[in-house]
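New to this one? Take a slow look at the sequence and the model first, and then we can walk through the parts worth knowing.

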Amino acid sequence: MGSGKTQLFLCLLLGCLFQCSAGFVFWTAVVEISYLNSHNETTDKYCECGVFGRNAAVERAHGIVTLPRGDPKGCGPDPVYNRNASSPAWIALVKRGNCTFSEKIQAATRQGASAVVIYNFDGSGNTTTHMSHPETTGAVAIMVGNLQGMEIVKLLQNGTEVLMLIEVGSPHGPWMDTYWLYFLSIAFFIVTTASIGYFVFISANRLYSLRMHRRAERRLKSEAKKAIQRLQVRTLKRGDEETTSEILLCAVCIESYKVGDVVTVLTCDHIFHKACIEPWLLEKRTCPMCKCDILKALGVEEECKDAFNHNSPPEVTVITVAGGEAMYEVPLTDAASPQHYDNRAFEEEPSRG
Ligand SMILES: [Zn+2]
Ligand SMILES: [Zn+2]
């Protein structure tokens, strides 16, 4: 996967997670209680231990905590509390169970509760759930843990008046949840590791081939130098054809030969100044006159294909033409070269007749 694709994938993943999780945002509630203890001293306690319901109004509320009459679960159509709308502000504290969250909230708000606090089942410690109560939108309703709820219930049962203040806490979403954080971290880690691994692999591969290429080049160069030293070298003397001819020039420096010049004779029999042809061959490999690969001729790399006498056939593209029973292979060469067709039909039946 390319880096662009990886980034796109990551963006899509994060975008989807954010979109999907937007519907699961929940707000915590800060619950503060205050009451007079047995020594007539005011005790204040608070914790960010409440969770606003899914359909609740996320607002501040306060009042005297009130338990339902009889059943602590506060279900039923009858007036469930000893208070009404004209009482000073009060908050209903009910236990989870028996009926829906909506029914509990409705039973309390019908009688004028400013908020409803529902505490969890026995034995559930201080865990809470994100309540769903679609029939009661707009009411302040939070859930607290069983232990937190029971602590207040005991105070109330002992006749202590408890005042409660509910404040809006902070928003939480799946991306803030520990498991999601773990999941995201792991996903991010895997994607990052994979990307880094991929790039390291690619870079190492490139570096390796570059090093191999350079090594091969160096080896070839040293082989080439040794091979060039094996070429025949002559010092031109008075009377040699090269010194007298007007036509014979060194094709590299375009100068005529003089007596005393040191020349190199290539495998193709062309001659050049030694000082001119050696750097030329190291760079270009071929004879400047006839293009014969001199280094190949000297055994550096492959055998030299004789530039003057091609024994090996030239590379041609062959197309097969079906003509009746016979199959023809037509080489796609220049029109000038003589074309011949191999008839496979004849080859397949070599000795008939
Ligand atoms: Zn020259
Ligand atoms: Zn040549």
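## Two zinc sites and two disulfides

Read along the sequence and you'll find the donor residues of the zinc ion (ligand 1) spaced C-x2-C-x19-H-x2-C. In the folded chain, that zinc ion is held by C250 (SG), C253 (SG), H273 (ND1) and C276 (SG), at 2.1 to 2.3 Å. Two of these donors come from distant parts of the chain: C253 sits in the loop between β9 (249-250) and β10 (255-256), while H273 belongs to strand β12 (residues 271-273), 20 residues apart. The arrangement is tetrahedral because the four donor atoms around the zinc ion (ligand 1) subtend angles of 95 to 122°.

How covered are those two? C253 has a relative accessible area of 29%, so C253 is partly exposed. H273 comes in at 11%, so H273 counts as buried.

One thing to keep in mind while reading: this is a predicted model.

Now for the other metal. The zinc ion (ligand 2) has C268 (SG), H270 (ND1), C287 (SG) and C290 (SG) as its protein donors, lying 2.0 to 2.3 Å from it. The spacing of these donor residues in sequence is C-x1-H-x16-C-x2-C. C268 lies in the loop between β11 and β12, and C287 in the loop between α6 and α7, so this pair ties together parts that are 19 residues apart in sequence. Both C268 and C287 are buried; for C268 the relative accessibility is 10%. The site of the zinc ion (ligand 2) is tetrahedral too, with angles of 106 to 115° among its four donor atoms.

Here are the two sites next to each other:

| Zinc ion | Donors | Distances |
|---|---|---|
| ligand 1 | C250 (SG), C253 (SG), H273 (ND1), C276 (SG) | 2.1 to 2.3 Å |
| ligand 2 | C268 (SG), H270 (ND1), C287 (SG), C290 (SG) | 2.0 to 2.3 Å |

Next, have a look at helix α6 (residues 274-284), where C276, I277 and L281 are buried. Seen down the axis of α6, the buried residues fall within an arc of 115°, so they line one face of the helix. There's a handy rule behind that kind of pattern: an α-helix has 3.6 residues a turn, so residues three or four places apart point the same way. C276 is a familiar name here, as one of the donors of the zinc ion (ligand 1).

What covers the buried residues of α6? The cover includes α4 (178-229), β9, β11 (262-265), β12 and α7 (294-297). On the face of α6 turned away from the buried side, you'll meet the exposed residues A275 and E283. Just after α6, R285 takes a positive phi of about 70°.

Let's move on to the disulfides. How many does a search of the whole structure find? The search turns up two disulfides. Numbering the bonded cysteines of the protein chain in sequence order gives the pairing 1-2, 3-4.

One disulfide joins C47 to C49, with an S to S distance of 2.0 Å. C47 is partly exposed, at a relative accessible area of 27%, whereas C49 is buried, at 14%.

The other one joins C75 to C99, at an S to S distance of 1.9 Å. This pair links distant parts of the chain, with C75 in the loop between β3 (61-66) and β4 (90-95), C99 in the loop between β4 and α2 (101-109), and their positions 24 residues apart. The torsion about the S-S bond of C75 and C99 is about -85°, so the disulfide is left-handed. With a relative accessible area of 23%, C75 is partly exposed; C99 is buried, with 18%.

Finally, let's step back to the whole chain. The protein chain has eight helices and 15 strands. Of its 353 residues, 33% are buried. The chain exposes about 22,600 Å², and carbon and sulfur atoms supply 56% of that area. And what about contacts with a separation of 6 or more? Residues 24 or more positions apart account for 57% of them.

How values were computed: Residues numbered from 1 in each chain as written. Chains lettered and ligands numbered in written order. Predicted model: local features only at pLDDT ≥ 70, side-chain atom pairs only at ≥ 80, totals over all residues. Heavy atoms only, no water. Helix = DSSP H or I, 4+ residues; strand = E, 2+ residues; numbered from the N terminus. Buried < 20%, exposed > 50% of the residue type's maximum accessible area, 1.4 Å probe, protein only. Contact = heavy atoms within 4.5 Å. Areas by Shrake-Rupley, 256 points an atom, 1.4 Å probe, with all protein chains shown as cover. Donors = N, O, S within 2.8 Å, 3.2 Å for Na, K, Ca; no water. Tetrahedral: all angles 85-135°; square planar, octahedral: opposite > 155°, others 65-115°. Disulfide = S-S within 2.5 Å. Arc of directions from axis to C-beta.
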